[in-house]
Structure formats: C-alpha cells, structure tokens
Amino acid sequence: LNHIIGFTELLLSKNFGDLNKIQEEYLNDVLQSSHNLLYMLSDILDLAQVDSAKTKLDLSETNLEVLLKNCLVTFKESAEIKSIVLSMNAERLPDSVYVDKSKIKKIIHNLLSNAIKFTPAGGKVIMNMRISEKMVRSGRRQDDSLGFRMVEDPYTNGIKSDASLLPCIEFSIRDTGI
C-alpha cells in the first residue's frame with residue numbers, strides 16, 4: 001500500500017507529464033482508497049493487539065489543541081469537496097497533557113471520517129473540546145500495570161462512594177448528517 005500511495009503521489013505531482021482531468025480524478029480516487037485501506041488495516045492490527053491484551057500506551061506531553069487542529073487539516077480537502085464546513089471549539093484547555101498521540105489521532109480521524117461521510121453537501125462538522133467534571137473512581141483494567149482510573153458521567157450513573165468529581169477533557173464531534 002505504501003508503494004501504491006507513493007507512486008500515485010508521484011504521478012499526481014505531474015513530474016512525468018501532464019494528466020487529463022479523468023486521469024487525475026482516477027489517481028486521486030486510488031490515493032484516497034489506498035489511504036483508507038491503510039487506516040483500516042492499521043485499525044485491524046490495533047484491534048488484534050487489544051484483543052490479545054498487548055496494547056501499550058505511549059504517553060507523551062502534547063498540546064492537544066495543536067494535535068486536533070492538525071487532525072482537522074487532514075480532512076480539509078474531503079470536506080471542501082462536499083462543501084462541508086469544518087470547525088473546532090476549544091474551551092479552557094491546558095497548554096499540555098499526557099496522552100498517547102497516535103491513539104488520540106486515530107480516534108479523532110475515525111470520528112471525523114464518519115462525520116464527513118454521512119454529512120450531506122453544505123453541512124457542518126464541529127469538533128468540541130472542553131473541561132468537564134466527571135466521576136473518577138479507582139479501578140483497573142485487566143493487565144493494567146499503570147493503574148488508570150475509571151471515568152464515568154455522574155449525571156447518568158450517579159456518584160459512587162469511592163468516586164470523586166474531577167476535571168476531565170471531553171471531546172465531541174457533531175455533524176448535520178444522519
């Protein structure tokens with residue numbers, strides 16, 4: 001797939017001559033489909049790792065707002081083709097947080113891809129991030145050596161005795177599609 005992507009990008013750069021509109025359209029389709037396949041294969045491999053409890057988090061200090069703006073840029077062209085307005089609202093986010101950048105990007109990419117796919121031409125896709133109070137309680141996932149805590153919405157689950165309300169970063173992606 002990487003070879004297909006590389007050679008397709010090389011042809012689209014027109015270093016070897018001009019392309020007519022149909023050739024360019026078909027090559028763009030090949031490129032987009034190749035990227036989609038690569039993401040799907042990557043997702044399948046990730047699911048296989050999760051299933052076998054081999055998923056590891058690679059935490060690093062990250063500016064979340066910059067990371068998410070870069071995710072939006074990735075989908076700018078596909079949104080423009082459908083005349084979809086992409087926007088982002090970020091309220092009171094910290095300058096940096098510790099996250100697994102690749103996993104956050106993959107989650108956001110999947111959500112944005114779905115939102116754009118199912119939003120009709122002329123629609124909107126809005127990514128929101130904000131600090132909100134969530135119920136955080138002790139608990140561990142199977143084979144969790146880092147001791148991550150469980151996060152739940154206090155308004156739907158009620159507050160448990162071993163829980164406390166703590167600030168968390170909440171993401172949402174809204175669209176005007178089905």
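The exposed surface of this chain comes to about 12400 Å². Carbon and sulfur atoms supply 55% of that area. Keep in mind that this is a predicted model.

Now the inside. The chain has 178 residues, and buried ones make up 24% of them.

Next, the layout. There are 6 helices and 6 strands. Reading from the N terminus, the order is α-α-β-α-α-β-β-α-β-β-α-β. How do contacts spread along the sequence? Take the contacts between residues at least 6 apart in sequence. Of these, 74% join residues at least 24 apart.

On to a helix pair. Two packed helices are described by the angle between their axes and the distance between the axes. Our pair is H3, residues 64-74, and H5, residues 101-117. The angle is about 40 degrees, and the axes sit 10 Å apart. Roughly parallel would need an angle under 35 degrees, and roughly perpendicular starts at 65. H3 and H5 are therefore oblique to each other. Their crossing is right-handed.

Which residues make the contact between H3 and H5? From H3, we have Leu64, Leu67, Leu68, Cys71, Leu72 and Thr74. From H5, we have Lys101, Ile104, Lys105, Ile108, His109 and Leu112. Sorted by class, that gives 8 nonpolar, 2 polar and 2 charged residues.

Stay with H5 for a moment. Ala115 lies in this helix. Is Ala115 buried or exposed? Its relative accessible area is 3%. The cut-off for buried is under 20%, so Ala115 counts as buried. What does Ala115 touch, beyond neighbours within four places in sequence? The partners are Val125, Ile173 and Asp175. Look at Asp175 in particular. Ala115 and Asp175 are 60 residues apart along the chain. Yet their C-alpha atoms are separated by 5.9 Å.

Now step past the helix. Thr119 is in the loop between H5 and strand S4, which covers 124-137. Loop or not, Thr119 has a relative accessibility of 1%, so Thr119 is buried too. Who are its contacts, again leaving out residues up to four places away in sequence? On one side of the numbering, Thr119 touches Lys82 and Ile84. Then come Lys124 and Val125, followed by Asp175, Thr176 and Gly177.

Put the two residues together. Val125 and Asp175 are among the contacts of Ala115. Val125 and Asp175 also appear in the list for Thr119. In the viewer, start with Ala115 in H5, then go to Thr119 in the loop between H5 and S4.

Key. Residues are numbered from 1 along each chain as its sequence is written. This is a predicted model: local features need pLDDT of at least 70, side-chain atom pairs count only at pLDDT 80 or more; totals for chains, interfaces and linings use all residues. Side-chain values use heavy atoms; hydrogens and water are left out. Axes are lines fitted to C-alpha atoms, for helices over the stretch in contact, and angles run from 0 to 180 degrees between N-to-C directions. Helices (H or I, at least four residues) and strands (E, at least two) are DSSP runs, numbered from the N terminus. Angles under 35 degrees count as roughly parallel, over 145 as roughly antiparallel, 65 to 115 as roughly perpendicular and the rest as oblique. A crossing is left-handed if the near helix is turned anticlockwise from the far one by less than a right angle, and right-handed if clockwise. Contact means heavy atoms within 4.5 Å. Ala, Val, Leu, Ile, Met, Phe, Trp, Tyr, Cys and Pro count as nonpolar, Asp, Glu, Lys and Arg as charged, and the others, Gly among them, as polar. Buried means under 20% relative accessible area, exposed over 50%, partly exposed in between (1.4 Å probe, protein chains only). Accessible areas come from the Shrake-Rupley method with a 1.4 Å probe; for residues, only the protein chains shown count as cover.
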